[in-house]
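Here's a quick briefing to read with the structure open beside you. Grab a viewer and follow along, topic by topic.

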Amino acid sequence: MNAPHDDTLSLYGETFSSRFLLGTALYSSPAVMEASIQAAGCDMVTLGLRRQNPAAGDGDAFWQILRDSGCRLLPNTAGCRSAREAITLAQMSREMFDTPWIKVEVIGDDYNLQPDPFGLLEACRTLIDDGFKVLPYCTDDLVLCQRLREAGCQALMPWGAPIGTGRGLMNRYALETLRQRLDVPLIIDAGLGAPSQAAEAMEMGFDGVLLNTAVAKAHRPPLMAEAFAEAITAGRKAYHAGLMQQRQTASPSTPTLGQPFWHSGG
Amino acid sequence: MNEITLSLNDETARLPANTTLADALDAWHYAERRVAVAINGEFVPRSAYAERVLGDRDRIDVVAPVGGG
């Protein structure tokens, strides 16, 4: 097992010094976003594409900050409802950002923004054939994740909980199963609300965490970004260190031998 | 004058017939902007803007970077 100090994340052959991927939406201002990215110390940030009217020029500051951040860009296909839409948006992103990286989202349900596993798999197959470095936003379903792996995805991003809910790891059993059965990097994407939840994911052996709302909607986003970064580092160290086995009954940590005031006669 | 009607980001737009995508983007003041384009749900690379002639009822999506999760 690697020592924590040279414990880097590797995705599609590229090395990342941080295991924290941060979203760039929902901040109160570009300056707050910039400070949060710096506080997070992340290597990769997500972003999207939306219809743009020529009169709107407010995207320039946003773009300038991301370019200056030095972070690698992970465009998403957020909001796409079919494989075809996701494929087209991925192609537009590749040209726009000059990157083969793509976070593939195909949404199957408007209410909980649950990924559509069928459309997702179809989109990922096509995009991998087309040379993209695909990071699929997926559910925690083992068979879906196995199919995505077989399709050529070299990393997967199962949800912790639905996007923006902040509910943490809703299905630990399913996530533990993924970790045990899949030999690719797994990044928990979406649903995390607290640094403790990120630490929990890392303690379970997940390779990274992607989140947005929990930082952007904190009262002090840069401070929360720092808190998440520390939790992710702590959780990773704990995973390397090896958690103790849980027990049903108490077991004293201070030696019982030599306990004073102890008299067998009572 | 021959005119075509199409949709630009889901809003009705009119252009002279035989307008290229490059000329349309210019007319719509996108020329200096960082955008990507799809027509009828298909990606159109920048290298094709000058040759791509727009047709009646084409659905054009012009997108730009935004924050995303």
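Where does UniProt place the feature "binding site"? The unreviewed entry puts it at A:Gly164, A:Ala190, A:Gly191, A:Asn212 and A:Thr213. Those positions span 50 residues in sequence, yet no two of their C-alpha atoms are more than 9.2 Å apart, so they gather at one spot. Keep in mind that this is a predicted model.

**Chain A at a glance**

- Chain A has nine helices and ten strands.
- Measuring along the principal axes, its C-alpha trace spans about 90 × 40 × 40 Å.
- Of its 266 residues, 44% count as buried.
- Take the contacts in chain A with a separation of 6 or more: 65% of them come from residues 24 or more positions apart.

**Two of the annotated positions, up close**

- You'll find A:Gly164 in the loop between β8 (157-158) and α6 (172-181) of chain A.
- A:Gly164 counts as partly exposed, because it has 18 C-beta neighbours inside 10 Å, and the cut-off for buried is 20 or more.
- A:Asn212 sits in the loop between β10 (208-211) and α8 (213-216) of chain A.
- With 25 other C-beta atoms within 10 Å, A:Asn212 is over that cut-off and therefore buried.
- Leaving aside residues up to four places away in sequence, A:Asn212 touches A:Leu22, A:Gly23, A:Ala25, A:Leu26 and, from the other chain, B:Gly69.

**Around β10 of chain A**

- β10(A), the strand leading into the loop of A:Asn212, is covered on both faces: A:Gly208 and A:Leu210 are buried on one side, and A:Val209 and A:Leu211 are buried on the other.
- β10(A) pairs in the parallel sense with strand β3 (residues 20-23) of chain A, over three bridges.
- In that pairing, A:Leu22 stands opposite A:Leu211; A:Leu22 is also one of the residues that A:Asn212 touches.
- Strand β9 (residues 187-189) of chain A runs parallel to β10(A) too, joined to it by three bridges, and here A:Ile188 stands opposite A:Val209.
- Put helix α7 (residues 195-203) of chain A together with β9(A) and β10(A), and you get a right-handed β-α-β unit.

**The three-stranded sheet**

- Chain A also has an open sheet of three strands in the order β6-β7-β8, with parallel pairing.
- β6 (101-104) and β8 of chain A are the edge strands, each pairing on one side only.
- β6(A) and strand β7 (residues 133-138) of chain A run parallel and are joined by four bridges, with A:Lys103 opposite A:Leu135.
- Helix α4 (residues 117-129) of chain A packs on this sheet and touches β6 and β7 of chain A; its direction makes about 175° with that of β7(A).

**Where chain A meets chain B**

- How many residues does each chain bring to the contact? Chain A gives 29 residues and chain B gives 23 residues.
- On the chain A side, β4 (44-51), α2 (59-69) and α3 (83-97) each supply at least two residues.
- Sorted by class, that side of chain A has 13 nonpolar, twelve polar and four charged residues.
- Strand pairing crosses between the chains as well: β4(A) and strand β5 (residues 59-67) of chain B are antiparallel, over five bridges.
- For a landmark there, look for A:Arg51, which stands opposite B:Val63 in β5(B).

Conventions. Residues numbered from 1 in each chain as written. Chains lettered and ligands numbered in written order. Predicted model: local features only at pLDDT ≥ 70, side-chain atom pairs only at ≥ 80, totals over all residues. UniProt positions renumbered as here; feature names shortened; annotations may be inferred. Buried ≥ 20, exposed ≤ 12 C-beta atoms within 10 Å, placed from the backbone. Contact = placed C-beta atoms within 7 Å. Nonpolar A, V, L, I, M, F, W, Y, C, P; charged D, E, K, R; others polar. Pairing = 2+ DSSP bridges. Axes fitted to C-alpha atoms, helices over the stretch in contact; angles between N-to-C directions. Right-handed = clockwise from strand over helix to strand, strands pointing away.
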